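Subject: Handing over a structure

Dear colleague,

I am passing a structure on to you, and below it you will find my notes. Please read them with the structure open beside you.

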Amino acid sequence: MKMETSVISRRDFIGKAAGGIGAGLVLGAPNILRAAQGEASDKIHVALVGFGKQGKVLFDAMSNIPGLHFQAVCDIWDYNLKGGIAKVRALQGHTPKGYADIDEMLATEKGLDAAIVATPDFWHSPHTVKCLEAGLHVYCEKMMANTIEGARAMVRAMEKTGKLCQIGHQRRSNPRYRFTLEQLIKGNRICGQIVNINGQWNRAVSSSQDIGYNPKLAIKPEVLARYGFKDMHQFMNWRTYRDLSGGPISDLGAHQIDIFNWFLGVPPKSVFASGGNDYFKTREHFDNVMTIFDYETPQGGVRAFYQVLTTTSAGGGYYESFMGTEATIQISERSAFTNIYRESSAPSWDGLVSRGFLKRQAAAPKAQSADAIASYESAAPEAYALPGDLSKPPHQPHLENFFDAVRGKAALTCDARHAFESEAPIYWVNPSALSRQPINLTAEHLSV
Amino acid sequence: MKKQHIASTVFTIAALVLSSCGKKPPQDSTDAGASSAPTSGVPLSTELPPELIEGTPKPMDVPNLVQAPVKAPELLVPEGTTLISQGKPVTGSEESPLIGELSMVTDGDKQAGEGYYVELSSGTQWVQIDLGQSAEVAAVWVWHFHSQKRAYNDVVIQVSDDAEFKTGVSTIYNNDYDDSSKLGKGSDSPYVESRFGMLVDAKGAKGRYVRLHSQGNTSDEMNHYIEVEVYGKTL
């Protein structure tokens, strides 16, 4: 596997980060990535499939993108459906069609160009495949599916139909991530040799509680059963059920493990994980997982650690840290967690600062202090920051990229095949933790 | 904001030193909850909803932001004060909210999950409670949204006998520090939502109608209400 992307320049990054560019400039079009051909039109007619929490997040991000017409909303919960219709009406001034059933929507609606799929994970694959086969381009939330077979079916459907299928790993279109990869890691080899990666998403126990709902608005049991839910609790909290999702390593971890694989350009050779239900004892999925991935890259071996905790927010929030012989880049969707540290033995970065690739941070604290033994410690690395920031909702650049690709003006940054190649190792984390055994990842594990 | 942070840092260091000496440090005074503290009357209380936080909070870049309280706000109100808003009709700047019904504002249900809140569009929006007759308002207790830590922008609460709020308007709370809603500049502090709600001392403001304004929040551009309780005595 070779994961490639387009190049973002320093000027592009600063311009994009300031929100000063048109959506069409977000990406170039590398040959291996996918773009629709000759489908430019004034309006893209969109169906919103699933209007729960993530559907609302995507809709809010899309409301900033010109040239979209939201033609239909589909959700099995009348509460979500009414909300979606009202939000669309408020945005575009007229009422979209509403559906509880996607098959009815696809059979009825004419002229749709694209679908935004934000249903529960176990519906991603069936819904995406249906939409692709109906001739629609699809943006589907990650994780691609709750099973690797479901994800494989999505890749096959994309390639069979020739339609676009973007997977919602939105960091792939984030100028901060793209600048860091293209200009700092690849362009200037700022890390030297990357030897280790450390990533985490630590979420407070108070933020990991079951999602509540007003029982007066509950969906009828027969409707829940028709769509694969045993009850309303499962409908609201599908992320905690093994048959419906991959759990925290999928919900939260997939975003960041995707960055490991994207930045290194290769999948891991093995995975070894441990997890437990140490706080939320009745949940089917682990409430905390710790994972080690081993990579072989052209520069040498890389060992990566990732943890997802739904029991504490301590430890610095969520970030990915690429640790090299000359620098460590700690990057996050939040700028507050993003810093670059230069090893004292690395070549000077004054030139990168003067050319605007980096900003120097305030002086680092001295390594020596009264409670430290000087001979045990290395010199503190100097801290630097990126020169710009993202001024849009985090999902907006990824959606802009999708719609630009629909118009034939860009290539997708995360089509289903590339997403699969990056996601495939994640499907083996829970099996490793359950079996308490490392898994050597072969072509059988990782290929479509 | 900067001044508050510096003060907070100094306090923390001082607390460490004091703790090490075995002395009890002063209580942190940054808790949100009650907007002021009268010295006479009877304590006001209400049934508080359970905490139910979802997901990772978004950054809140708001100056002078008061953090969420860790206990219920306290306020003394005149004896004989009662809840006078429950079940009373609610109107709004939008007849049809995006999510929920305006009647949820006074339905007595303060829970945080789906189906308990009303959502109005972006921009400056308001909800208005008709108390049925003029009242001497002792306090207004408001829960915008507490399943995620967030702060609502430009919260302005007013009382009037004029349903149009053109005359005789008493503003009992205003944290629109830059007057972006064009209702006048306020000096109250923005605050982080919590299950404890924001309890505002209305100081006996008189009026039949209570109107609450906001202009989006730190997580999205929308305006939300779970519950508003008006306490006082009808005239």
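What follows covers confidence, one sheet and one pair of helices.

This is a predicted model, in which local features need pLDDT of at least 70 and side-chain atom pairs count only at pLDDT 80 or more, while totals for chains, interfaces and linings use all residues. Residues are numbered from 1 along each chain as its sequence is written, chains are lettered from A and ligands numbered from 1 in the order in which they are written, and side-chain values use heavy atoms, leaving out hydrogens and water.

Chain A has a mean pLDDT (the predictor's confidence in each residue, from 0 to 100) of 90, with 88% of its residues at 70 or more. Residues 1–5 of chain A, however, stay under 50.

In chain A, 10 strands (DSSP runs of E, at least two residues; helices are runs of H or I, at least four) form an open sheet of mixed pairing, where pairing requires at least two DSSP bridges between two strands. Its edge strands are strand 14 and strand 16 of chain A. Strand 7 and strand 10 of chain A pair in the parallel sense over seven bridges, and Asn198(A) stands opposite Phe305(A) in strand 10 of chain A.

Helix 6 (residues 148–161) and helix 14 (residues 416–423) of chain A pack at about 160°, their axes 9 Å apart; axes are lines fitted to C-alpha atoms, for helices over the stretch in contact (heavy atoms within 4.5 Å), and angles run from 0 to 180 degrees between N-to-C directions. Helix 6 of chain A is therefore roughly antiparallel (over 145 degrees) to helix 14 of chain A.

Best regards

Definitions and conventions:
Parallel < 35°, antiparallel > 145°, perpendicular 65-115°, else oblique.
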